[in-house]
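Biologist: I have not looked at this structure before. Could you take me through the ligand surroundings and the core?

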Amino acid sequence: MALPNISVFAFILLCFVVIYQYLVHPTFLSPLSKIPNAHPSSHLSPLWILWIRYTGRENRTVFAAHERNGPVIRLGPNEVSVNCVDGGIRTVYAGGFEKHGWYANLFENYGTPNMFSTTHSRPHSARKRMISNVYAKSVLQSSPTLSTISYTILYERLLPRLVVAASSTNPTQGIDVFQLFSALTMDFVTCYQFGLAIGSNWTQNSRGCEHFLDLYRDRTSSKAQFWAGELPNLTKCFKRFGVRMVPRWVDDGNAEIEAWCLSMCDAAAQAVSRGGETQEVDVGDEPVVFAQLLNAMEKEREKSSSTASDQSVAPSSPTILHQQQRLALASEMLDHLAAGFDTSGITLTYLAWELSRHPSLQRQLCAELRTLSPPLQPPTPNTNNNSTNNDIPSLPSPKDLDALPLLHAVVMETLRLHAAIPGGQPRVTPPGCVLGAASADGGGTAYAVSAGVRVSAYAHGLHRNADVFPDPEAWRPERWLPAASDTDDGGGRTARHFWAFGSGGRMCVGSNLALHEIKLIVAAVWTGFETTVLHDEGIEQRDAYTAGPEGGRLVLRFEKAV
Ligand code: HEM
């Protein structure tokens, strides 16, 4: 008789524990219970937000939930989202909260961490110190290598293509600029990483570019990212039993991309060692980013081997890299290459789309670009002496380019409305975290949040705050002109809400390179040409972490500007 009583008692106890753990605590007792739910089930289970992510609706849905419930909302039992500056991005990102494991799940290459995928602050800072110098604005603006690369890409690769396109008499013929801009930005970033001789030349190799973009889109497809990023253990477990949540071709494509980047790294390592021996590397062929990281790693290795008690660590030659170092370099390079080309290509595509639909603004921009000395336009044939040689063109100064107000406004407004990374940037709360802000007039609420909670902000939502950006869905570059910013504390509020590059210690390290190359490319296109839209079906932005056009293309017609 005693046994059944014990089992009944144990069963009832178990029910109580389950009810407490999964219902009472998350609903009433957890510090998060005071935060408004994005969905009626958010406090009980992560299933709703997982489903929203799986179906590719996260950015829009989370923003709509913020509109209903305020700047701090609960997405799941252990997850919140913030959509404000004070008590939001200032606390989380400027506060140095560590990255969530989602980054390591998705962004490691060769099974090796890199700056972007590293979750903990200390190893991240060590890597950042090694490399960030080459992306500093002053270094980029004075780099003879970047200047040679820019000249080659714009004058020898891009402008001849545009001249041919603009001389076509067929009014239905155009250029897929999503592909063209992806090619150009890939060429910029890989040539700065590895030098002109090793970096890509996709601006003149559409087939190669198309093949890579196909592989890359499989790698970044919503479903592949969902399984690998959100449910990595389940995905691995399924795979062990032969069920592939991420299709084999995605893994094969990844392997091909990794092999391509590794081959560029190996070639760059050889170029560095040849340069060390002969000092005869052309300025445009210097592998700036790769060499910077390689040298920093070598210094680090020498320092640790001289302090190590075991002095038997063999010295390495840059050409014979240890496999571990070789993969660490390649993982970093592949990350910069991917982070760099896709985001800038997307930005240029939306900028081109908006400009092509705003012809009068296009003409104003053209006039501004023509004030540059020299303007960045196709070389004119030298007719004075009947010579067939063209005048040798040169580039405008980076500082003059950067000082053009309308160009800057057009770029900023595109980055606001069509942020290339509109998705959540997940971090983890430390102990003693408070989110949201109680204002002096009694409005707003501050919430104490326990440690270990996933917290994200989204550029998609921050950039649609109608108090800061009136009529937020409209593309209005004038918001960023000096006259407009005079009206709101000198542009401080708009600047604080601008989050296209993130903020804090994990903010985009390549933002200066991105802005520089984007402005150069815009100047090269719209100084001498006018564009109109031929095909823009599928131009809506994907709802994803990195978000290009749904249709994967935008076809524009190019004509010579008068
Ligand atoms: C328009 C162009 C670009 C946009 C909108 C952009 C945006 C961003 C954002 C939002 C982040 C933070 C992401 C997060 O924490 O989840 C980031 C980080 C990063 N970006 Fe960019 N990016 C651009 C161009 C570039 C370029 C050209 C490079 C490299 C050459 C680059 C390299 C990186 C790296 C390495 C990180 C990680 C930084 C760290 O963890 O310390 N990005 N970017």
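The questions below go from the ligand shell to one listed residue and then to the nonpolar cores.

Biologist: Which helix gives the most to the shell around the ligand?
Modeller: This is a predicted model. In it, 23 residues surround the ligand, and G340, T343, Q425, C508 and G510 are the closest. Two helices, spanning 323-356 and 511-526, each supply at least two residues of that shell. The one that gives the most, with 7 residues, is α15.

Biologist: How do the residues of the shell divide into nonpolar, polar and charged?
Modeller: The shell around the ligand includes 3 charged and 8 polar residues. The nonpolar residues in it number 12.

Biologist: Is C508 buried, partly exposed or exposed?
Modeller: UniProt lists C508 under "binding site", in an unreviewed entry. C508 is found in the loop between α21 (492-497) and α22, and is in contact with F501 and G502, leaving aside neighbours within four places in sequence. A buried residue needs 20 or more C-beta neighbours within 10 Å, and an exposed one has 12 or fewer. C508 has 18 inside 10 Å, so it counts as partly exposed.

Biologist: Which helix gives the largest share of the largest nonpolar core?
Modeller: That core has 129 residues, and V80, V82, Y192, C265, F290 and A524 have the most contacts inside it. The largest share, 16 residues, comes from α15.

Biologist: How many residues are in the second, separate core?
Modeller: Among its members are A224, W227, V246 and V250. The number of residues in this second core is 5.

Methods:
Residues numbered from 1 in each chain as written. Predicted model: local features only at pLDDT ≥ 70, side-chain atom pairs only at ≥ 80, totals over all residues. Near = placed C-beta within 6 Å. Helix = DSSP H or I, 4+ residues; strand = E, 2+ residues; numbered from the N terminus. Nonpolar A, V, L, I, M, F, W, Y, C, P; charged D, E, K, R; others polar. Core = buried A, V, L, I, M, F, W, Y, C linked by C-beta atoms within 7 Å. UniProt positions renumbered as here; feature names shortened; annotations may be inferred. Contact = placed C-beta atoms within 7 Å.
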